[in-house]
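Student: I would like to understand how the terms used for a protein model are justified. May we go through them one by one?

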Amino acid sequence: MTFHMEVDTSPVRWGFIGVGMLAQRATAAAVHEGEGIELFAAAARDAQRAATINPGKVHATYDDLLSDPEVDAVYISLNNDAHFPYIEASLHAGKHVLCEKPMTMSAADTTQAYALAEERGLLLSEATWSLWSPRMRRINQLVAQGAVGSPRNYLSTFTFSGIPEDNYRLAPEQGGGALFDVGIYPLHGIVALLPEETLYSVTSASADNAGYRVDMTTKAQISWETPDGNRGSGAIVASFDMHPSQRFMIKGTDGEISIPDDQSFTQWHEAGDLIVNGAVESFPAVNPYRLMFEQFSKCIRNQGGWVPGPWQSIRVAEIVEEIQARAN
Ligand SMILES: NC(=O)c1ccc[n+]([C@@H]2O[C@H](COP(=O)([O-])OP(=O)(O)OC[C@H]3O[C@@H](n4cnc5c(N)ncnc54)[C@H](OP(=O)(O)O)[C@@H]3O)[C@@H](O)[C@H]2O)c1
């Protein structure tokens with residue numbers, strides 16, 4: 001007698017909660033383009049705006065979308081302070097959750113969110129799209145294989161300018177500020193390179209509000225010690241008040257890897273290079289948003305997808321908190 005296991009090969013039905021700039025300019029298109037995924041539903045405070053991303057259906061409220069039994073997974077791209085409440089509501093509604101960065105406003109909430117996901121048997125991931133970029137994944141693989149020896153020094157920045165005055169990024173009560181908005185990219189960059197059990201400490205940090213109510217620039221020095229006793233340190237800069245560029249360099253006992261262009265975390269429409277101990281590796285243009293939705297969806301369907309470990313988001317949230325405490 002032969003048994004056939006049922007394999008669900010139907011597209012994963014995504015529901016979008018919030019239809020702001022990112023959903024309109026990038027993530028909805030990524031789901032429309034992607035394989036094995038479908039933009040099944042969307043909800044925004046303005047139904048007409050929700051309709052602009054061409055979902056299968058528009059729900060009048062976020063809660064209506066969460067009550068839709070046909071939605072498999074929810075993508076949350078709300079202002080940062082709303083992430084945690086809607087992660088919890090989505091998990092309680094039985095939905096898998098991909099939530100925009102920063103996952104929550106505190107390490108305790110991020111830890112609690114993952115605990116709830118595990119308890120409910122659902123997948124939760126922070127949508128830090130750079131982590132799905134093939135170039136970033138290659139750096140992680142190279143460092144894990146010892147291409148630089150023991151990492152000793154990390155330098156990374158993510159800076160830009162020109163935030164509209166009415167944007168939530170300038171409102172502390174909505175989770176604004178440069179550290180939460182772009183500082184998490186350099187932090188995810190180093191956390192992804194080092195083992196899970198690595199201990200971090202923030203040795204110095206400064207935040208400049210430049211007359212606004214949020215940090216317009218945060219700079220921090222971080223040191224680490226890996227479980228096998230290797231120590232290193234790094235510097236990161238996050239800013240809403242500087243020339244737009246993103247930098248990335250990791251130097252170890254035996255080598256160095258750097259990104260020569262200024263789109264370290266956002267390589268997308270253009271090809272990019274990597275300098276590995278003086279040799280150039282090239283990466284074609286790719287859409288990491290699409291890879292993120294596809295890989296997350298494959299994980300849901302047990303088809304061999306990849307998402308970052310929960311510990312990565314928890315570690316980043318812990319470092320963010322330490323930077324905030326030091327900078328104040
Ligand atoms: N991965 C990336 O590349 C990337 C890039 C940009 C942003 N992000 C992240 O995505 C999220 C949204 O960013 P965005 O640039 O799309 O923001 P945005 O254009 O300012 O949109 C803000 C979002 O927050 C929602 N919202 C709900 N209540 C609000 C209120 N009282 N005031 C303002 N907004 C409210 C809006 O919902 P409605 O649609 O229902 O009105 C909208 O979806 C943030 O967490 C951000 O960190 C990620």
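Tutor: We may begin with the domains. The C-alpha centres of domain 1 and domain 2 lie 23 Å apart, and the domain bounds come from an automatic or database domain assignment. This is a predicted model, in which local features need pLDDT of at least 70, side-chain atom pairs count only at pLDDT 80 or more, and totals for chains, interfaces and linings use all residues. Residues are numbered from 1 along each chain as its sequence is written.

Student: What makes the two domains count as being in contact, and how many residues does the contact take from each?

Tutor: Two residues are in contact if their C-beta atoms, placed from the backbone, lie within 7 Å. The contact takes 32 residues from domain 1 and 31 residues from domain 2.

Student: Why is the ligand said to lie between the domains?

Tutor: Domain 1 (12–128) and domain 2 (130–327) both contribute residues to the shell around the ligand, so the ligand lies between them. A residue is near the ligand if its C-beta atom, placed from the backbone, lies within 6 Å of it. Of the 20 residues around the ligand, G18, G20, M21, L22 and A44 come nearest.

Student: What makes β7 and β11 a pair, and in which sense do they run?

Tutor: Strands (DSSP runs of E, at least two residues, numbered from the N terminus) pair if DSSP finds at least two bridges between them. Strand β7 (residues 151–161) and strand β11 (residues 241–252) have nine bridges, in the antiparallel sense; they therefore satisfy the definition of a pair.

Student: Why are β8 and β14 called edge strands?

Tutor: The open sheet has the order β8-β9-β10-β7-β11-β12-β13-β14, with mixed pairing. Strands β8 (199–208) and β14 (279–283) each pair on one side only.

How values were computed. Helices (H or I, at least four residues) and strands (E, at least two) are DSSP runs, numbered from the N terminus.
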